[in-house]
Amino acid sequence: MSELETTQRPSWWKRSDAKKAIFLWVIFTAIIGYTASIIQSRAMGSPASENMSNTINMVKIFTWAAAPVAGLVAALTITTLLGQRHFGDNPPPEAEHEIRNSPRVAATWVVVSTLLCLFAVIYGMVLVQADENKLRTANPINIDVTGQQWVWNFKYVDNGGAQSADLYLPVNKPVLFHVTSTDVMHSFWIVQMGIKVDANPGYVTETGTTPNKIGVYDLRCAELCGLYHAYMQKKVHVVSQADYDAWVQNQGGNA
Amino acid sequence: MNKRYIAALGTVILGAAVIAGIGTYVASAKNDSRVLEATPAGTMETPEGTLPHYTLDMSAYPDSMSGSHGADGGVHPDWVSYGPVTNFKVPAHSVITITIKQYDSGERLSNDFFATVHGTLDGTATLDGQSITNVDPEHVGHTFTLHGLADAKSQLFVSVPLPAVEEADMPDSGYTTSPRVVTFSFITGDAGEYVWNCEYPCGDGTTARFGGPMSTQGYMAGNFSVVKA
Amino acid sequence: MTTVTNRPASAGPSAPKKALIERLSIITGLLLGIVGAVLAWYLARTFLPVNTDGSYIKTRMDQEVFIAMIGWFVGFMTGIGALIGPFRWLLGKDLTHDETLFYAGKDQGVKRYFRYTTDHKVVGIQYLVITMVIFFVGGVLAMLIRTNLGHAGGNWLQPQTYNTVVGLHGITMVVGAIIMITGPFGNFIMPIMIGARDMAFPRLNALSFWLVVAAVPPLLSSIWLGGIPTGWSAYNPLENQAPPGMDGFIMAICIFAISTMVAGANITATAVKMRAKGMTWNRTPIFIYGVVASVALALPVFPVFFLSQVLSGLDRATGSTFFDVRGGGSPWLYENLFWIMGHPEVYVILIPALAALMEMAPVFTRRPLFSFNLAIMGIAGISGLSVLVWAHHLYVSGWAPLLNGPFMLTTELISIPTGMLFLVLIGTLWRGRVWITLPTAAIYAVLFNFTIGGITGIYLSDVSADAALHGSIFVTAHFHYTLMGAGLTSAIGALVYWFPKMTGRMFDKKLGWTAFWITQVGFNIAFMGMFMVGLAGQPRRVGAISAFYDKGNSITTMGAYIIMTGMLVLLHGVVVSWVWGTKATQNPWFAKSLEWSVAYPVPLENFDVLPVVTEDAYGYGKAQS
């Protein structure tokens with residue numbers, strides 16, 4: 001059947017609906033990619049660690065990789081609407097063809113989507129591995145984090161075990177959080193640093209990052225933990241090393 | 001307008017009214033809607049200058065017969081509770097002195113962090129007339145722990161342990177005549193909505209024991225509004 | 001000879017003395033259920049050992065609640081008549097021919113909808129109504145959530161009330177979405193579509209529906225038993241410390257899981273064994289594939305859901321420690337069990353929804369379905385992969401970081417078969433003659449919404465991005481785009497499409513279009529706003545929010561009110577069309593599948609003469625006209 005078609009019809013890209021669709025595809029891809037990536041990076045705010053910069057970049061790249069897909073879906077569907085529409089209670093006349101398949105289109109579609117998918121997987125794996133390696137090789141400050149309904153508290157184990165409900169971190173110094181819970185599950189999430197790990201009763205989980213900008217950031221609980229889950233949050237203060245040492249000593253620890 | 005749209009509009013209005021009715025009903029169901037306002041007590045010298053001073057008095061009971069739940073204790077007479085109410089209102093940028101009478105016994109905290117006084121003036125509290133910075137984590141009855149959203153505003157975090165009444169002093173019925181009295185002061189920041197709860201696991205559950213009264217406003221948790229003076 | 005002479009003497013439906021089977025209905029079910037609950041509760045109160053003094057495991061209340069609910073369950077199922085058949089078997093007999101006809105709802109008018117009726121068309125209508133009731137309840141709860149978050153600080157509802165509202169919204173909507181296609185259309189339409197007289201196991205069909213009904217009171221009772229603070233995922237140990245309302249939730253899930261398993265076995269058997277002569281797998285409509293894939297997927301995973309809740313219930317009621325670290329259990333075990341059900345479950349919802357669209361697409365473009373084989377590969381691929389992706393919900397749990405990579409792979413691979421279904425839909429629209437109707441509009445809307453839902457899913461499937469987005473309200477927006485934007489929109493399209501067959505009347509076009517546009521616009525406003533605040537770091541399931549998120553949440557709340565308006569118009573449309581709508585012709589869409597070959601009302605056993613199928617249902621296009 002397809003051989004018959006190719007002899008009777010002009011090449012597919014010369015058909016008017018295909019031209020329309022390709023035109024719309026280019027336009028939609030540009031619009032979707034541009035607006036979505038701008039809105040996303042605005043909404044995600046400015047990063048306070050390399051993890052978060054990487055995540056924001058990745059979201060941007062994923063968006064640009066996904067824009068042609070979304071653009072294609074939009075272009076094709078809108079082209080079909082621009083074609084032969086029919087209103088009323090009675091059906092339109094039958095379509096002018098009875099094509100049941102197009103192995104070429106199907107194969108292209110599957111191969112392209114597989115490639116996109118593999119790109120996402122490989123890129124994602126590389127990034128995870130990079131984060132993981134950084135965490136293990138650096139010589140970090142260790143901080144014990146305990147979640148208890150509905151308050152976080154911190155033990156600065158490398159600073160004489162000072163305890164506080166406030167989280168202060170020195171800038172540009174890797175930090176490793178050892179997270180646990182005394183009761184239900186919580187999730188330790190520093191929004192602008194793009195790190196998160198659950199606090200489980202009876203286990204210690206780990207996550208780490210290197211804050212790279214002095215400022216005040218947000219720590220939130222990201223796992224429903226009961227009555228005051230909404231209030232289980234705290235400011236994270238990233239300060240200079242000198243300020244950090246002063247603060248820790250003030251809390252009864254040693255610098 | 002078409003008749004059919006008017007009828008549809010009628011359904012929308014009716015439906016919205018039903019939902020609004022259900023919403024109003026659900027929203028009005030509060031365990032404790034009463035609010036206690038702090039009492040003015042002149043001014044006080046603090047490291048941050050002279051500030052208006054206010055006081056609040058409350059108690060922590062081993063049951064619900066004396067809180068806001070009526071003489072019969074309400075639905076859960078055996079639940080531990082704070083009283084006389086569990087919602088408080090205090091002015092912003094002021095010193096608040098809270099006095100808590102603690103009538104309950106207690107045991108070991110699940111987290112020693114809460115055996116230490118946090119966020120008060122000088123980091124101290126007064127226990128039965130003596131100044132303390134921390135108590136024995138093995139004998140804590142309850143805690144009063146105040147916290148809120150991490151907004152751009154100043155963050156209030158106050159946590160004070162309330163030591164347990166000795167088992168020997170716990171009568172078989174009624175309350176002990178010698179409650180532990182804890183007093184502490186702190187400075188409020190900008191106006192905002194905060195919450196407080198107890199951090200001694202004294203409720204239902206096996207791992208966590210934060211169920212029942214611990215997870216219900218009107219018992220061991222409530223609202224704490226800081227309003228513009 | 002003797003049987004023939006004896007037959008008039010046996011108590012048929014027209015006999016003056018009413019047989020037991022004729023007295024049973026939902027009323028006796030409710031009565032016996034309440035009696036059973038009260039009796040069981042009384043016995044439990046009287047005979048259960050008291051809590052030992054000083055024991056911190058206060059289990060007695062939970063035991064009482066569970067026993068009372070089991071009493072309700074047994075009482076209700078007895079009262080509705082579910083036990084008559086099994087009881088007869090116990091006596092070594094079976095139902096007589098007349099009784100079987102009575103069970104099928106012969107000549108009972110409206111009453112048959114309130115009985116243990118086995119006719120698949122009655123069960124389909126029952127499912128349709130209960131789905132709408134469930135969505136109404138879930139919708140009201142959604143409005144409470146959005147109203148609470150409409151202004152800074154929240155706290156319009158008490159926090160414990162808010163958490164209960166969130167949990168109930170979640171579970172009612174999930175249950176509603178699971179049954180929204182396979183319930184009404186899988187039961188009413190599917191047997192006719194394959195040319196069968198009824199389901200393979202008509203009594204199991206009735207059982208599956210009445211089990212859903214039996215699950216409702218335990219679930220709603222949780223409101224008065226202290227609520228459910230856990231959300232619908234009911235993670236331990238939060239579930240462990242929750243008030244007795246949690247027991248209602250557990251009981252409801254257990255009953256619902258049984259219902260799903262029963263329905264799954266029944267629908268699978270029907271589609272495999274009861275297809276008309278000549279309906280080879282190549283000629284079987286794609287909707288049948290979708291429904292079968294959905295319920296067959298539910299078959300292995302819902303027992304896991306059942307199990308997870310039984311173990312939780314044991315932990316609560318007997319002090320066992322399956323999920324309690326102090327007793328050697330693990331909360332991670334619960335998370336795994338839950339998501340082994342939880343992720344295939346979203347495909348249980350989505351596959352039949354998309355299959356319904358693929359069924360409708362050829363009808364409204366007047367051309368054959370594009371690449372039937374690819375559609376089947378897509379459905380099979382999604383079903384197969386969906387049981388291998390659950391741990392992407394555990395990326396940040398700390399459970400097994402080494403597994404993050406493999407689960408990222410399986411999760412992202414699932415976009416390939418999903419893409420195939422997109423191609424089938426778009427390919428069918430391409431160069432067809434698009435007949436603009438509500439079902440057509442649903443196809444377009446789903447393609448739009450599901451593209452957004454799918455792409456945001458790719459972000460979430462990535463481990464690094466998930467560390468930033470997991471547990472944020474971005475996730476909530478993502479799955480509303482898939483389950484509501486794609487799933488529910490498909491179901492509404494399917495309802496309009498099959499409405500004439502199920503009710504004999506056409507769906508009011510003007511009301512339908514009004515509802516469609518209001519709902520779609522509101523939906524995109526609401527959940528785009530939610531994406532924004534999610535990216536900016538607002539957690540899920542919070543009842544109070546920082547002022548920073550006010551704007552985004554106001555937008556979402558506004559959108560939610562618009563959706564509410566649209567949904568109420570739709571509800572109005574359903575009622576008005578059902579009662580006063582224009583009478584439909586036998587085949588108003590001029591479709592070729594078998595369900596349109598029977599007139600309304602569809603007779604008791606569907607076909608006088610069973611049809612013989614010689615080609616598939618997609619023979620549209622030039623050659624056929």
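# Report on a predicted model with chains A, B and C

Helix α14 of chain C, residues 372-386, counts 15 residues and spans 21 Å from its first C-alpha to its last, close to the 21 Å expected at 1.5 Å a residue. The model is a predicted one.

The buried residues of α14(C) are C:F372, C:L374, C:A375, C:G378, C:I379, C:I382, C:S383, C:L385 and C:S386. An α-helix has 3.6 residues a turn, so residues three or four places apart point the same way. The cover over the buried residues of α14(C) includes a helix of chain A, α4 (103-137). From chain C itself, the cover includes α12 (286-318), α13 (331-365), α15 (404-413) and α16 (415-429).

## Contacts between chains

Chain C touches chain A through 77 residues, which meet 76 residues of chain A. On the chain C side of this contact, α16(C) gives the largest share, with 9 residues. Chain B also touches chain C, and here the largest share of the chain B side, 12 residues, belongs to helix α1 (residues 3-28) of chain B. That contact takes 31 residues from chain B and 36 residues from chain C. The table sorts one side of each contact by residue class.

| Side of the contact | Nonpolar | Polar | Charged |
|---|---|---|---|
| Chain C, touching chain A | 44 residues | 25 residues | 8 residues |
| Chain B, touching chain C | 13 residues | 12 residues | 6 residues |

Chains A and C are also linked by strand pairing. Strand β1 of chain A (residues 85-86) pairs with strand β1 of chain C (residues 434-435) in the parallel sense, over 2 bridges. In this pair, A:R85 stands opposite C:V434 of β1(C).

## A sheet in chain A

Chain A holds an open sheet of 5 strands with mixed pairing, in the order β5-β11-β10-β7-β8. Its edge strands are β5 (167-170) and β8 (195-199) of chain A, each of which pairs on one side only. On average, neighbouring strands of the sheet are turned by 25° against each other, direction ignored.

How does β7 (residues 186-190) of chain A pair with β8(A), parallel or antiparallel? The two strands run in the antiparallel sense and are joined over 5 bridges. One residue, A:I190, has A:I195 in β8(A) as its bridge partner.

At the other edge strand, a helix comes into the picture. Helix α5 of chain A (residues 241-250) lies across β5 and β11 (233-239) of chain A, and runs at about 140° to β5(A).

## Chain B

How many helices and strands does chain B have? There are 1 helix and 13 strands. From the N terminus on, the helix comes before the strands, in the order α-β-β-β-β-β-β-β-β-β-β-β-β-β.

The domain assignment of chain B gives domain 1 as residues 1-30 and domain 2 as residues 32-227. The centres of domain 1 and domain 2 of chain B, taken over C-alpha atoms, are separated by 42 Å. Along the principal axes, the C-alpha atoms of chain B fill a box of roughly 80 × 50 × 30 Å.

Of the 229 residues in chain B, 48% are buried. Among the contacts in chain B between residues at least 6 apart in sequence, 68% join residues at least 24 apart.

Key:
Residues are numbered from 1 along each chain as its sequence is written. Chains are lettered from A and ligands numbered from 1 in the order in which they are written. This is a predicted model: local features need pLDDT of at least 70, side-chain atom pairs count only at pLDDT 80 or more; totals for chains, interfaces and linings use all residues. Domain bounds come from an automatic or database domain assignment. Helices (H or I, at least four residues) and strands (E, at least two) are DSSP runs, numbered from the N terminus. The expected span of a helix is 1.5 Å times one less than its number of residues. A residue is buried if 20 or more other C-beta atoms lie within 10 Å of its own, exposed if 12 or fewer, and partly exposed in between; C-beta atoms are placed from the backbone. Two residues are in contact if their C-beta atoms, placed from the backbone, lie within 7 Å. Ala, Val, Leu, Ile, Met, Phe, Trp, Tyr, Cys and Pro count as nonpolar, Asp, Glu, Lys and Arg as charged, and the others, Gly among them, as polar. Two strands pair if DSSP finds at least two bridges between them. Axes are lines fitted to C-alpha atoms, for helices over the stretch in contact, and angles run from 0 to 180 degrees between N-to-C directions.
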